[in-house]
Amino acid sequence: MRIVILVAGLLSAIISFGQSVQKQKTAIDSIVSSIELDQGKISYRFSVKSPRKALNNIKYHYQTKKGSIVKITRNFGVLNDSTEQVFYFNYGQLIFTTEVISSYEDEKRTEVSLVWTGEYYFTKGKLIYYITNGHGKSETEDWNPQLEVMNNCKSAKNDIGKYIAKKKGANILFN
């Protein structure tokens, strides 16, 4: 009898956790949609020279609302790969990220041979859910999606901070 109660309790906890994550994802999707639809955003674009020789310039497009960054898009290429990362923020906190890596047959980037995608949901700085499609880095055992996405986000924020410092006087905050 105790085993049945224990199993039922464990199953109930698993189901409620799954519902909680789904509710969080739905709320995050709603915030991301409102960021996308908001016509009151201010957009900035710039590029930086990559610190690594294997990378081309990193191109940035970031958007602000009321002085806070709500979306960062960055694009860069490494040899035959092209990467786009998009970061969404709510009250200065990372909430959602997408990543698309397109691999090409040649360095001219005319014909796509492989595409890898990832979507990542965050709450309070913690990865709560992710999904990837395609063959790529998510197939390796040592891949840590939370660490990688947070490092990529930090790198993007640092590049934007340097850009703002060069512009002097711009009042853009991450909160």
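Helices and strands are DSSP runs, numbered from the N terminus, and a loop is named here by the elements on either side of it. With that naming in hand, Tyr-91 can be placed in the loop between β4 and β5. We will come back to Tyr-91 later. Keep in mind as you read that this is a predicted model.

Let us begin with the whole chain. It contains 2 helices and 7 strands. Following the elements from the N terminus, you meet them in the order α-β-β-β-β-β-β-β-α. The chain has 175 residues, and buried residues make up 34% of them.

Where do the nonpolar side chains gather? The largest nonpolar core has 23 residues, and within this core Tyr-62, Ile-72, Phe-87 and Ile-160 touch the most other members. Two or more residues each are given to this core by β1 (42-48), β2 (58-65), β3 (68-78), β4 (81-90), β5 (93-104), β6 (112-123) and α2 (145-167). The largest share, 6 residues, comes from α2. There is also another core, lying apart from this one, with 9 residues that include Ile-28, Ile-35, Val-86 and Ile-95.

Since α2 gives so many residues to the largest core, let us look at this helix by itself. How far apart are the two ends of α2? The end C-alpha atoms are 33 Å apart, and this agrees with the expected span, because 23 residues at 1.5 Å a residue should also span 33 Å. You can find the buried residues of α2 by looking for Pro-145, Val-149, Asn-152, Cys-153, Ala-156, Asp-159, Ile-160, Tyr-163 and Ile-164. One of these, Ile-160, is also among the residues that touch the most other members of the largest core. At the N-terminal end of α2, Asn-144 acts as a cap: a side-chain oxygen of Asn-144 lies 3.3 Å from the backbone nitrogen of Gln-146.

Next, consider the empty space. Rolling a probe the size of a water molecule over the atoms shows where such space is left. In this structure there is 1 cavity of 30 Å³ or more, and the largest cavity has a volume of about 30 Å³. Its lining is made of Gln-85, Phe-87, Thr-97, Thr-98, Glu-99, Tyr-120, Val-149 and Asn-152. The elements giving two or more residues to that lining are β4, β5 and α2, and β5 gives the most, with 3 residues. Sorted by class, the lining has 3 nonpolar, 4 polar and 1 charged residues. Two names here are worth a second look: Val-149 and Asn-152 line the cavity, and both are buried residues of α2.

Now turn to a pocket. The second largest pocket holds about 300 Å³ of space. Of the 15 residues lining this pocket, Lys-65, Val-70, Phe-89, Asn-90 and Tyr-91 lie nearest its centre. Two or more lining residues each come from α1 (2-37), β3 and β4. By class, the lining divides into 6 nonpolar, 5 polar and 4 charged residues.

That brings us back to Tyr-91. Is Tyr-91 buried or exposed? Tyr-91 counts as exposed, because its relative accessibility is 70% and exposed means over 50%. The backbone of Tyr-91 deserves attention too. Most residues other than glycine have a negative phi. Tyr-91, although not a glycine, has a positive phi of about 50 degrees. Lys-66 is another example, with a positive phi of about 55 degrees although it is not a glycine. Lys-66 sits in the loop between β2 and β3 and, at 82% relative accessibility, counts as exposed.

To finish, follow strand β5 and stop at two of its residues. Leu-94 lies in this strand and is buried, because its relative accessible area of 7% falls under the 20% limit. Leu-94 also shows how folding can bring parts of a chain together: Leu-94 and Gly-125 are 31 residues apart in sequence, and their C-alpha atoms are 6.8 Å apart in space. Ser-103 lies in β5 as well, and it counts as buried at 16% relative accessibility. What does the side chain of Ser-103 contact? It makes a polar contact with the side chain of Asp-81, at 2.7 Å.

Key:
Residues are numbered from 1 along each chain as its sequence is written. This is a predicted model: local features need pLDDT of at least 70, side-chain atom pairs count only at pLDDT 80 or more; totals for chains, interfaces and linings use all residues. Side-chain values use heavy atoms; hydrogens and water are left out. A nonpolar core is a set of buried Ala, Val, Leu, Ile, Met, Phe, Trp, Tyr and Cys residues joined through side-chain atoms within 4.5 Å. Buried means under 20% relative accessible area, exposed over 50%, partly exposed in between (1.4 Å probe, protein chains only). Helices (H or I, at least four residues) and strands (E, at least two) are DSSP runs, numbered from the N terminus. On a 1 Å grid over the protein atoms alone, a cavity is a set of points where a 1.4 Å probe fits but cannot get out, and a pocket is an open set with protein on both sides within 12 Å along at least five of seven lines; lining residues have an atom within 4 Å of a point. Grid points are joined across faces, edges and corners, and a volume is the space filled by probe spheres set on the points. Ala, Val, Leu, Ile, Met, Phe, Trp, Tyr, Cys and Pro count as nonpolar, Asp, Glu, Lys and Arg as charged, and the others, Gly among them, as polar. The expected span of a helix is 1.5 Å times one less than its number of residues. A polar contact is a pair of N or O atoms within 3.5 Å; within protein, one must be able to donate a hydrogen and the other to accept it, and residues adjacent in sequence count only if both atoms are side-chain atoms.
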